Amino acid sequence: MHESNGQSKTLSRAWDKIYTDFIFQHGALITELRAWRSHSLDGENKDITAYLGYGHLKLNYFLGKHQFDLTLRNNLRFEGENRGSVEGEWSYPIGGSQNSFWYVKAFSGYGASLINYNHAQNRIGLGFLFSR
């Protein structure tokens, strides 16, 4: 998987990763465990895994028409500079629609955006989804 922000040299952030997913479902709960091995391109962002880690755990839960997601990421450096993030999401259909949803997202930690992957941030977003 390749991820890039498409900017020129000083603002460029890019990395490639090979990953594997393990996905389990039990009733309304879907659990995804993703592990990756990454490398930076052209020597850029050599420290990216120190902030974005080596994988994530994502929990997805359906309660009626509500959908809740929780994503946890950590670099697993418990004896040193431990970094990670937590992201929570909620969506609910707008009116009787099956294709449009209210959406709330909260994020705290590293990697909210690729350009600032190495800066801790707290964010809250409100919006609409046209698919989920």
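Which residue forms a salt bridge with Glu-87? In this predicted model, the partner is Lys-105, and the closest N and O atoms of the two residues are 3.1 Å apart. Lys-105 belongs to strand S7, residues 101–109, while Glu-87 belongs to strand S6, residues 84–93, so this salt bridge ties together parts that lie 18 residues apart in sequence.

Let us consider how accessible these two residues are. Glu-87 has a relative accessible area of 17% and is buried, because buried means under 20%. Lys-105, at 30%, is partly exposed.

I turn now to the other pairs. The search of the whole structure finds four salt bridges, and one of them joins the side chains of Arg-34 and Asp-21, with an N to O distance of 2.8 Å. Arg-34 is in strand S3, residues 29–40, and Asp-21 is in strand S2, residues 14–26, so here the parts tied together are 13 residues apart in sequence.

Arg-34 has a further partner. Glu-32 also forms a salt bridge with Arg-34, and their closest N and O atoms are 3.3 Å apart. Asp-21, Glu-32 and Arg-34 are thus linked in a network of salt bridges.

Are the members of this network buried or partly exposed? Arg-34 is buried, with a relative accessible area of 16%. Glu-32 is likewise buried, at 14%. Asp-21, by contrast, is partly exposed, with a value of 28%.

To conclude, I would ask you to locate two places in the structure: the pair formed by Lys-105 and Glu-87, and the network that links Asp-21, Glu-32 and Arg-34.

Methods:
Residues are numbered from 1 along each chain as its sequence is written. This is a predicted model: local features need pLDDT of at least 70, side-chain atom pairs count only at pLDDT 80 or more; totals for chains, interfaces and linings use all residues. Side-chain values use heavy atoms; hydrogens and water are left out. Helices (H or I, at least four residues) and strands (E, at least two) are DSSP runs, numbered from the N terminus. Buried means under 20% relative accessible area, exposed over 50%, partly exposed in between (1.4 Å probe, protein chains only).
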